[in-house]
Amino acid sequence: QVQLVESGGGLVQAGDSLRLSCAASGGTFSLYVMAWFRQAPGKEREFVAAINESGSRTYHADSVNGRFTISRDNTKDTVYLQMNSLKPEDTAAYYCAADTGVWSGKYYQRLSNRYDYWGQGTQVTVSS
């Protein structure tokens with residue numbers, strides 16, 4: 001059973017930066033595609049970014065492209081989300097997720113039902 005634990009959320013001002021971390025345990029991290037999703041109150045869960053097993057391929061949603069960067073460290077079983085130039089509309093609970101299948105391209109990796117394991121989420125609040 002894979003466990004995912006997010007950290008790094010908080011309350012920041014518009015224009016600030018945050019780095020989220022997601023530590024995995026209970027499985028073989030280097031075999032998983034990893035992703036970040038977010039969910040704002042009253043809205044559906046939204047894809048943010050995904051990274052393939054080795055870290056050589058990434059995909060970011062248009063809404064965060066150029067501001068957020070997903071990365072991973074397979075020696076630490078951890079995936080990161082560096083968030084720069086934060087905006088109030090980035091306010092949401094952020095979740096990391098693991099897909100135990102293989103990287104299947106941008107279209108499929110943005111679908112939440114691809115992912116087998118989810119963390120509990122970490123809150124990011126951006127004030128204007």
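Let me begin with a term that we will need in a moment: a salt bridge is a side-chain nitrogen of Lys or Arg within 4 Å of a carboxyl oxygen of Asp or Glu. Please also keep in mind, as we go through the structure above, that this is a predicted model.

With that term in hand, let us turn to Arg-72, a residue that lies in strand S7, which covers residues 68-73. Arg-72 is buried and yet has no salt bridge, and the nearest side chain of opposite charge, that of Glu-53, is 6.1 Å away. What, then, does the side chain of Arg-72 reach? It reaches the backbone oxygen of Asn-52, at 2.7 Å, and there is also a polar contact of 2.8 Å that joins the side chains of Arg-72 and Asn-74.

Next, I would like to look at the loop that follows in our discussion, the one between S7 and strand S8, residues 78-83, because this is where Asp-77 has its place. Phi of Asp-77 is near 55 degrees, which is a positive value in a residue other than glycine. As background, most residues other than glycine have a negative phi. Asp-77 counts as partly exposed because its relative accessibility is 27%, and partly exposed is the class between under 20% and over 50%.

Ser-85, in the loop between S8 and strand S9, residues 92-99, also has a positive phi, near 50 degrees. With a relative accessibility of 40%, Ser-85 is therefore counted as partly exposed.

A further serine, Ser-17, sits in the loop between strand S2, residues 10-13, and strand S3, residues 18-25. Its relative accessibility is 41%, so Ser-17 counts as partly exposed. How far apart are Ser-17 and Phe-68 in sequence and in space? They are separated by 51 residues in sequence, while the distance in space, from C-alpha to C-alpha, is 9.4 Å.

Finally, let us come to the largest pocket, which has a volume of about 160 Å³. Its lining is made up of Phe-37, Arg-45, Glu-46, Phe-47, Tyr-59, His-60, Ala-61, Asp-62, Ser-63, Arg-110 and Ser-112. Which strands each supply at least two residues of this lining? They are strand S5, residues 46-51, and strand S6, residues 58-60. If we sort the lining residues by character, we find four nonpolar, three polar and four charged.

Key
Residues are numbered from 1 along each chain as its sequence is written. This is a predicted model: local features need pLDDT of at least 70, side-chain atom pairs count only at pLDDT 80 or more; totals for chains, interfaces and linings use all residues. Side-chain values use heavy atoms; hydrogens and water are left out. On a 1 Å grid over the protein atoms alone, a cavity is a set of points where a 1.4 Å probe fits but cannot get out, and a pocket is an open set with protein on both sides within 12 Å along at least five of seven lines; lining residues have an atom within 4 Å of a point. Grid points are joined across faces, edges and corners, and a volume is the space filled by probe spheres set on the points. Helices (H or I, at least four residues) and strands (E, at least two) are DSSP runs, numbered from the N terminus. Ala, Val, Leu, Ile, Met, Phe, Trp, Tyr, Cys and Pro count as nonpolar, Asp, Glu, Lys and Arg as charged, and the others, Gly among them, as polar. Buried means under 20% relative accessible area, exposed over 50%, partly exposed in between (1.4 Å probe, protein chains only). Lys and Arg count as positive and Asp and Glu as negative; His and the chain ends are not counted. A polar contact is a pair of N or O atoms within 3.5 Å; within protein, one must be able to donate a hydrogen and the other to accept it, and residues adjacent in sequence count only if both atoms are side-chain atoms.
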